[in-house]
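Visitor: I have a structure open and would like to talk through how its parts fit together. Could you walk me through it?

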Amino acid sequence: MTTAYNIIVCGSLVPDPLQTLEPIQGPTGPALKNEMMLPSVLDPWAGHSLFEAANLAKQHPGSKVTLLSIGPKAKLQQLMMIIAQKVPFELVCLDGSASGFMDSREVAAALAGAIEKIPGLDKTKLLVFGGCSSASRDSGTTMQMIAEQLGITDVFLAVDELKFQADGSFRLLERVEGGQYQVSTCTGAPVVIGWATGNLPEPPNNPQVGMANMRTIMPSLQKAQPAGLKTDAIKFASVQLPGQQRQTRIVKDTPIDEIAKEIVTWIKG
Amino acid sequence: MEKILFLAHTDSNGQLPKVALETLNAALQIKQGLAGSTLTIGLVGENVQAAADQIASCGMEKALGVSGADFGMSRYATDVKAAAALGTASGATIIIAPATSRFSRALPGAAFRLKATIDTHVSGIQFTEGVLQIQRWYYRQRMMATLTRVARPWIIAIDSGVFPPWQGTKGSAKVEAVSVAVADQEKRTKMTGIEAPSADAQTIRPEAQILLVAGAGWTKKQTDGQIHAKEAEKHILDFLKLAKASLGSSKSLVDQGSEGEAVLTCMSHLNQVGQTGSTPRHPKGLSTCCHGEEPHVVGWRFINERRAINTDASCGWAQGKADVLYVADAFAVMSKVNELLAKG
C-alpha cells in the first residue's frame, strides 16, 4: 500500500531571466526598476520542485500538491496563467513582496505560518519542497528556516533525486562539491527538500489541468492575506550592477591554425 | 568589540577543507578590522584535534569542538545542533563559516536556533567607519550589494575562492569539548556514501585553471547539414584532458537530453553554469558555441580572463563580456587546439 503525502511546494515569482534588471532605491530599500512591469516566471528551482512534486503525487495516489507563494497578488495571478496548465496543484498564497532584497527569515516565518494554517495537514506525511535557492535572493536559507519552524529535522539541499524505497524510506542524492552527489537515506516523512534541477523535463501545457487548477487558484488569490514582511533587517549601503564592460577584441577572417595557436599560447601563459 | 567565531567542519581526512582555510583568513581580517575583537575557533567532526592543530598558530583565543561518530557525517539534524551549540558556547556575535555544501545546508537552521541573522554566498568584506560590511550578489550574480546588519549574532558564510587560504604553521591546540547529545529522532537520516564519477569521467574540477563552457551550438547541424554530437564530445573531452580543464555548459545544452534532442553524454545538469546553474571561479574561461545574454553571462561572472569561439561576431554573449571573440567554427578550432596541446 502506498502512502498518500501532503506535498507543499514553496515557490514564487522572479523576473524573467531574459530581462535586463536595474536596481533602484525604493522607499523601503533597494528594489528593481519597473519591478511590477517586469515579466515574471516561476522561480526556476522551485519550478523543478513543483514538477517533481506532481510526479510523486502521481505515483502515490491520494497525495496532494499545494503550491505556496508569496508575491504581489496581481503578479501572482499573471504567473498562475503561465503555470496552471503544467501540473495539478492547489494554490495557497500570501500577498507581499517577492523581492530578492527581503530577509529570508521573514519570508520563512510567513511561509511556515501559512503551512501551519493549512486545514487538515498531517505532519507525519508532510513533504515540504522548494528550490535550493531562489533566483532573486539566492541565499539558500529559506527552506531550512521553514523546517525549523515546523519542527522538521530532516532537511536536504540541492537534491536531484528522491527515490521511495520498498520499506517506505527515502533515498536522496544531494549535490556536493566537485560535481559529486552525497547519497543519504531517510526513514520517511516529514522532510524538507530544497531541489536543484531534478531529472524531469518541464511538462507540456494541459488545458484540462489548467481549468481544474483555476477553480482553486482564483479564490485563493482573492482571499490572500498580507504576508506582513518587514524590511528593516538588512542595512543596504549600495546595490549596483557590475560595472565592468570589456573591450572585446574580435578576431575574424583569420586562419584556424593561427587562432588555435593563439588560444594555446593563452592557455599556457 | 565583537566576539568572532570561526566555524568549520573537518573533511573526510579529518583536516580542514581549502575553503575553510580561506574563510579563516576572512575571519582574521574581520578580527583585525574590528578593534578589540576576539577570535574563537569552533570545529565539528568525528575527531577535530588534527584540524585544530592545523590552525593552532592562527591567533585564536580559544578552540571549541563538537566531535564523535555522530558528527563525522554530513547530516542536517546533527550539523545544525553542533553549529548552534558552538555558537552558544562561544557567545559569538559574528560567526564566520565556509559555504561548503554541508554548512550551506545546516547554517540557516543554526541561525534560526540562535535567533541569528545569516548572509550566505558572501564574496567580500570591507570596513566603513569601523562598521563591517559584506558584499554579496543578488538576482543570481546580476547585481552586487554592500550591506551590514545591526542584529547579533550574525552568521556570514563565505564562498570559496574569495580569500586566499590561510597559511601558517601547525601546532598543538587545546580543544575544549562542547557536549551535544543526539536523540534517535535526529538519526533518521544516514549518509551512505558519495557518488562520484570515475576519474576519467570527472568533468567538474573546481581547482582547474581553465573552464571550458560548451553551448548548444555543438549539437546543432553543421555546415554539412548533419549533427556531429559524437565528434563534439570527443573535442570537448580531449580538451578537458589535455588542458586539465573543468567543464561548464549552457542550460540549453543540458536540457536537450530531456527534450529528446542530440545530447553530449559527458554533460549533466551539474555542469550547468549561469542563471540556474553554478557560477564557478576559475582564472580563465573559454566559451564555445554559446549564444545568449543575461542568463548566460552570470555563469562566468567570476572568470577572470574570458575568450569565446562562435560564428556570430555580434553575439551578445561575447560582446563586452569576453576579452577576445574568435569568429570561427569551434569544431575546427578545438580540433587544432587539441592537436597543439597534445604536442606539448
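The chat below goes through chain A, some helix contacts, and then parts of chain B.

Visitor: Before anything else, what kind of model is this?

Guide: This is a predicted model, so please read what follows as a description of a prediction.

Visitor: Okay, chain A then. How many helices and strands does chain A have?

Guide: The secondary structure of chain A comes to six helices and 15 strands, and the C-alpha trace of this chain spans about 70 × 50 × 40 Å along its principal axes.

Visitor: And how much of chain A is buried?

Guide: Of the 269 residues in chain A, 49% count as buried. As for contacts in chain A with a separation of 6 or more, 77% of them come from residues 24 or more positions apart.

Visitor: Let's look at helix packing inside that chain. At what angle do helix 3 and helix 4 of chain A pack?

Guide: Helix 3 of chain A, residues 104-116, packs with helix 4 of chain A, residues 142-150, at an angle of about 45°, and their axes are 8 Å apart. The two helices of chain A are therefore oblique to each other, and helix 3 passes helix 4 in a right-handed crossing.

Visitor: Which residues make that contact?

Guide: From helix 3 of chain A the contributors include A:Val107, A:Ala108, A:Leu111 and A:Ile115, and from helix 4 of chain A they include A:Met145, A:Ile146 and A:Leu150. By class, this contact of helix 3 with helix 4 in chain A has nine nonpolar, three polar and one charged residues.

Visitor: Now across the chains. How do helix 6 of chain A and helix 8 of chain B pack?

Guide: Helix 6 of chain A, residues 256-268, and helix 8 of chain B, residues 330-343, pack at an angle of about 55° with their axes 8 Å apart. They are therefore oblique to each other, and helix 6 of chain A passes helix 8 of chain B in a right-handed crossing.

Visitor: Which residues meet there?

Guide: Among those in helix 6 of chain A are A:Ile256, A:Ile259, A:Ile263 and A:Val264, which meet residues of helix 8 of chain B including B:Val333, B:Val337, B:Leu340 and B:Leu341. The residues of this contact divide into ten nonpolar, no polar and three charged.

Visitor: Switching to chain B: what covers the buried residues of helix 1?

Guide: The buried residues of helix 1 of chain B include B:Leu21, B:Leu24, B:Leu28 and B:Ile30, and also B:Glu22 and B:Lys31. What covers the buried residues of this helix includes strand 1, strand 2, strand 4, strand 5, strand 6 and strand 8 of chain B.

Visitor: How about helix 3 of chain B, mostly covered or mostly open?

Guide: Helix 3 of chain B is mostly covered, with 13 of its 15 residues buried. At 1.5 Å a residue, those 15 residues should span 21 Å, and the end C-alpha atoms of the helix are 21 Å apart, which agrees. Helix 3 of chain B is followed by B:Gly91, whose phi is positive, near 65°.

Visitor: One last residue: why does B:Ala308 count as buried?

Guide: B:Ala308, which sits in strand 14 of chain B, counts as buried because it has 26 C-beta neighbours inside 10 Å, and the cut-off for buried is 20 or more.

Visitor: What is B:Ala308 in contact with?

Guide: Leaving aside its neighbours within four places in sequence, B:Ala308 is in contact with B:Ser287, B:Cys290, B:Trp317, B:Ala318, B:Ala322 and B:Leu325. B:Ala308 and B:Gly285 are 23 residues apart in sequence, and their C-alpha atoms are 8.2 Å apart in space.

Notes: Residues numbered from 1 in each chain as written. Chains lettered and ligands numbered in written order. Predicted model: local features only at pLDDT ≥ 70, side-chain atom pairs only at ≥ 80, totals over all residues. Axes fitted to C-alpha atoms, helices over the stretch in contact; angles between N-to-C directions. Helix = DSSP H or I, 4+ residues; strand = E, 2+ residues; numbered from the N terminus. Parallel < 35°, antiparallel > 145°, perpendicular 65-115°, else oblique. Left-handed = near helix turned anticlockwise from the far one by under 90°. Contact = placed C-beta atoms within 7 Å. Nonpolar A, V, L, I, M, F, W, Y, C, P; charged D, E, K, R; others polar. Buried ≥ 20, exposed ≤ 12 C-beta atoms within 10 Å, placed from the backbone. Expected span 1.5 Å × (residues − 1).
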